[in-house]
Amino acid sequence: MVAKPVPGGQVVLTSTDYIIDLSRKYSLWPLTFGLACCAIEMMVAYAGRFDFDRFGVIPRPSPRQADLLLIAGTVTKKMAEPIVQIYHQMPEPRFVMAMGSCANCGGPYYDSYAVVKGVDRIIPVDIYVPGCPPRPEALIYAVMELQKKIMRMKLERTYGATVQAEKGSRDLTGEPA
Amino acid sequence: MRAEPAASAPGGEASPRPVKAPLPTPVLNRKSGGRLLTDTRFWPTEVWKSPWSLPRYRAGAMWLAGIVLGIAAAGFAVGELAVWAEKLLALLGRTSLPPAVAAWVWVLIKLTCVIGVIVVNGLWAVWWERKISAHIQSRFGPMYAGGFHGWAQTILDSIKLLLKEDVTPAAADQPMHLLAPIMAIAPCVMAFAPVLFGDELAAAKLDVGVLYIFAFASISVIGIVMAGWASGNKYSLLGGLRAAAQIVSYELPRGFSVVPVIMFAGSLDLAVIDQAQAGYWLGFVPRWFVFYPVVGQLAFIFFLIASVAETNRTPFDIPEAESELVAGFHTEFSGIKWAMFFLMEYGYVLLSSFLLAVFFLGGGAAPLPFLDFIPSWIWMVSKAMLMMFVFLWFRWTFPRMRVDQLMDFNWKILLPWSFANIGFAGVLVYLHRSGWGPG
Amino acid sequence: MQSEELIVTEGGLEMDTMFVNMGPQHPSTHGVLRLGLTLAGEVITKAFPDIGYLHRGTEKLMETRSYHQCVVLTDRWDYCSAMTNNLAFCLSAERLFGTQVPPRAQALRVVMCELNRIASHLILLGTYGIDIGALTPFLYTFREREMILDLYEKCCGARLTYNYIRLGGVAADIDSGWVAKCREFLEFFKPRLDEYDTLLSFNPIFLARTKDIGIISKETAVAWGLSGPNLRGSGVSYDVRKSEPYCGYEQYDFEVPLGASGSCWDRYFCRVQEMRQSVRIVEQALAELPTGELMAKGVPKIPKPPAGEAYAHVEAPRGDLGIFLVSDGGAAPYRLHVRAPCFINLAILQEILVGKKVADVIAVLGSFDIVLGEVDR
Amino acid sequence: MSAGADFLDRLLAAVPGSQADTPVKDYPTVRLSAPKDLLPAARLLKDELGFDYLEMVTAVDWLGPVNLGGFVSNPNPNPFTQKHPGPPVSPVAGPGVTYRPVLDLLWSFGDLVKNRKVFLRLEVPRDRAEAPSLTGLFPAADWQEREAFDLFGIRFAGHPNLIKILTPDFLQGHPLRKDYVHAKDRYDAE
């Protein structure tokens, strides 16, 4: 039994939780899905110098086999509906990472007529990565934060972002509401 | 970034300027011995005399040597255990079990061994491929998943895949969607029956071994086409049809390139083929079929190319071409169903490398006379791993061929040449029969 | 656009077509481009590229931004080569103001833009290899690109969106260590280019996939308004650095590589040779780097240019990037139009893709090297 | 540009209602008087004068300073920052510029061989913005005219498929017009 100190109280993880979380933590398969400038920094994170493969992060082309939806770039209104469709095509447990200030809150296009001001208006988000574009090290740090969050998930609540949808994406502890 | 405070400027100058507060000492990178972060930036232009001068290079070499010796030591240990297998069989025989039940229990034991080999190979080959591809591409492969060099990476992958939600798309043909992975993996496991793991170490001693293997190996194409059709997705339909065209047409050169081997060995039984390659010419050249003058090399190359095409690997991986058809025939499969297709691919890679080892590299026979003391199954496994390395190495160096180029290559080059090769083999056998050919 | 009608192929065979959506999320559309392909078997009968999935309306936003703030938004057009976007906007605004940029700033602009051209072509080399199926060149080209990004970080602080070329000059100076580091990179990079030739350019399977695929004749290339390596791949020698030299390009001698037949391979190989020319330009520019100050005098905080119009265009890695700027004397540009080379190069796909196979679509699309940020602005 | 100016005189002579206009920062420009002059001028440029490279098709809306209703920024959820100060630069009318309800179209033709460039201009009333389409002569104009239609609402007569190209399907109105006011849709709610 492993007791994890977590903001807002203790979370007791049984050993099966620990093994399942460990397996989800080390095989986070993102979708090859780049929108704008952040996609180039994401590609650099997959490339040789900041190797994502060290964490077991391998880009998968099809949403059916992906666990992590990495929104790398500006979410425009014309692209919003396909993003929601892709999110619902991904099997549970799925996680969403908003990369870059355009995906977090609209960024430099805060007053544009064609941009959705932040991807959390359309799908629940687990991790926000600040920066425009964020450095590859920041992206890797965000993945490590997501891995810490996965380690706190309990068995009966093993779906990631969807849980947040009911309680708003700010609550990280996974405690019953 | 001037680290020293302004006060240390030369005293003589009348400094009307207020003394600035000294700059805070920068955060030093503890791990790299306190040097500034920017200095640790490493450019590949730094050329050093020789790699051996680097301590971490020597440490890596020591680790590698340790692992190889460990495997050899494990080989000896298991070698002794093989003796126990006879005692276990005898025990089964003497117990009060009726002979039929004893035979069935023995078949079950062999079956679990074969399935165990395929599954363990699935885990090992995926990890090995990710490490090989990483080091080919000048990066590290999985490093942190379970300790030293990410050894637990594929185990954790498979646990996660087991627990993924099993998505069956609405447009899919439900029963076919479920049946497709089964139809893909089952023939692969059955095809492993006559495969030789050592001199006499085979699950089933069939005198039509080669025919049996090729018959079952081509059933899984039905599973792939079923997957392509059942997932209701236009990309997977295209991928499935491409797979049907490619695998069926590459079955032919694969079969015909083995005919010279059968002509030399005189029988379809893998054990006989293996025995035919024991012994040495002129004392040190092993009598393997790959060293037969012209026929051996050609047959080896054709069989290798056809096997690469059979297992849908680059440069022939058009059925699941990542850049064209999103993920080919297994676009709509998630979780364990997708893992079945992955297991099938690596199962066929293992099967092809074992066949290459048996047919052409004298499975079980030591390359040099004085190395005979090492047990035969270690030679077989090491040759198979060598061949699997070639399969994995192809994937990261060749671009992908287009569908019609692939078909042209097969029907216009590979097949005619394998027929010609059978002709050369006939000439060789005739020369051998009339007294002075090789072998 | 579901068109499932029957078509009769030239062999008199009746085939029904299938509409495939190479949708906004596809591993090899280099971003969010949707290709509506009507397939008969594997052959394409009709292609309809649908763009706008990354349209952020920057031309509208710039009507309420001051000139210094607009430079920031220009980085996000062609995000693989942000330096040339800055340069195009600043040249057009300086023509409007009539300011004269000091010689050191001009030389620094040339050095930065040529390094950016190398970095942008390296991205193409890597991703085009992945499109054709060779996964390894991507890693090698990005390893070299990382070295260029280190150089940019040392002098302008950012890796991708530099905001380095400002109105009237350049934001920061380079120290002596930078020139030595840049020369070290150039020495390391030259043999790498020959390595890419053996690895990818002359690989028989790569040649078979790209040699005579997607051939564009000179007339169609000019009629469709292509520019940059796509135009020079068809043999039309039009390079803005030679035809209308800006920032002192007439001092450096370099050739303009031309393709032979306008096939995918020619467009690709034009870019590989252009990288060699860029290395030559950077070496010449670093050899006699003039000294002096970096910014022109008298550029106010909130510049209000006299009413008028200006057009300046620059040889961006993807083509002829032009900025048409209209000012009504106010603090913000009254109207700014971007002549985006990728947007115009992409239009030819409707005609080129007909009759090709699905695998050729990826080869042709990759050889055009489009960046969706510039296509949709 | 005096050396290449001979083509200007031939163009001005051939096209009736055209006269030389203030150059767009040292490129020769010709202002046409009526939409029907465009096709003959373009055909003349392409066939006789060798300008076979259409570079740019764009427009300028001279109605007046831009209406801030076209910019929509959602309220800042962070309660601690002060109220959003609005756009950084309030667009005030500059001196000496006459605003008029007109869309000023601009075509840019280039000659790659002799390295010359000429701009054609045409003023079109805002309410029924009509212009002939050049896709017959120059296929390059196809997408640029669709973009001008999408962002300005200029109907190009004779264009094969004049539909939206950049803005989302549910966006009402033409964004780059100065009097464009953004109608809130479901993504701009709350």
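**Exercises on loops, cis prolines and a cavity**

A:Pro133 sits in the loop between β5 (127-129) and α5 (136-151) of chain A. This is a predicted model, so treat every value below as computed from it.

**Exercise 1.** Work out what kind of peptide bond joins A:Cys132 and A:Pro133, then do the job again for A:Glu92 to A:Pro93.

*Solution.*
Step 1: Look at omega between A:Cys132 and A:Pro133, which is about -10°, and you have a cis bond.
Step 2: Go to the bond from A:Glu92 to A:Pro93; omega is near -20°, and this bond is cis too.
Step 3: Place A:Pro93 on the chain. You'll find A:Pro93 in the loop between α3 (77-89) and β4 (95-99) of chain A.

**Exercise 2.** Take C:Asn163 and D:Asn115, and decide whether each is buried, partly exposed or exposed.

*Solution.*
Step 1: Check the backbone of C:Asn163. Its phi is positive, about 55°, although the residue is not a glycine.
Step 2: Find its loop, which runs between α5 (136-156) and β6 (165-166) of chain C.
Step 3: C:Asn163 has a relative accessible area of 18%, and the cut-off for buried is under 20%, so C:Asn163 counts as buried.
Step 4: Now D:Asn115, again not a glycine, with a positive phi of about 60°. D:Asn115 lies in the loop between β4 (102-111) and β5 (116-125) of chain D.
Step 5: The relative accessible area of D:Asn115 is 32%. Partly exposed covers the range between under 20% and over 50%, so D:Asn115 is partly exposed.

**Exercise 3.** Say where B:Thr331 lies, and list its contacts, leaving aside neighbours within four places in sequence.

*Solution.*
Step 1: Locate B:Thr331 in the loop between α9 (295-310) and α10 (336-360) of chain B.
Step 2: Check its exposure: at 4% relative accessible area, B:Thr331 is buried.
Step 3: Pick out the contacts from chain A, which are A:Ser62, A:Arg64 and A:Gln65.
Step 4: Add those from chain B, namely B:Asn233, B:Ser236 and B:Val326.

**Exercise 4.** Describe the second largest cavity by its volume and its lining.

*Solution.*
Step 1: Start with the count; the structure has nine cavities of 30 Å³ or more.
Step 2: The second largest holds about 110 Å³ of space.
Step 3: Its lining has 14 residues, and those closest to the centre are C:Glu63, C:Asp328, C:Ala332, C:Tyr334 and D:Pro91.
Step 4: Sort the lining by type, and you get nine nonpolar, two polar and three charged residues.

Notes:
Residues are numbered from 1 along each chain as its sequence is written. Chains are lettered from A and ligands numbered from 1 in the order in which they are written. This is a predicted model: local features need pLDDT of at least 70, side-chain atom pairs count only at pLDDT 80 or more; totals for chains, interfaces and linings use all residues. Side-chain values use heavy atoms; hydrogens and water are left out. On a 1 Å grid over the protein atoms alone, a cavity is a set of points where a 1.4 Å probe fits but cannot get out, and a pocket is an open set with protein on both sides within 12 Å along at least five of seven lines; lining residues have an atom within 4 Å of a point. Grid points are joined across faces, edges and corners, and a volume is the space filled by probe spheres set on the points. Ala, Val, Leu, Ile, Met, Phe, Trp, Tyr, Cys and Pro count as nonpolar, Asp, Glu, Lys and Arg as charged, and the others, Gly among them, as polar. Helices (H or I, at least four residues) and strands (E, at least two) are DSSP runs, numbered from the N terminus. Buried means under 20% relative accessible area, exposed over 50%, partly exposed in between (1.4 Å probe, protein chains only). Contact means heavy atoms within 4.5 Å.
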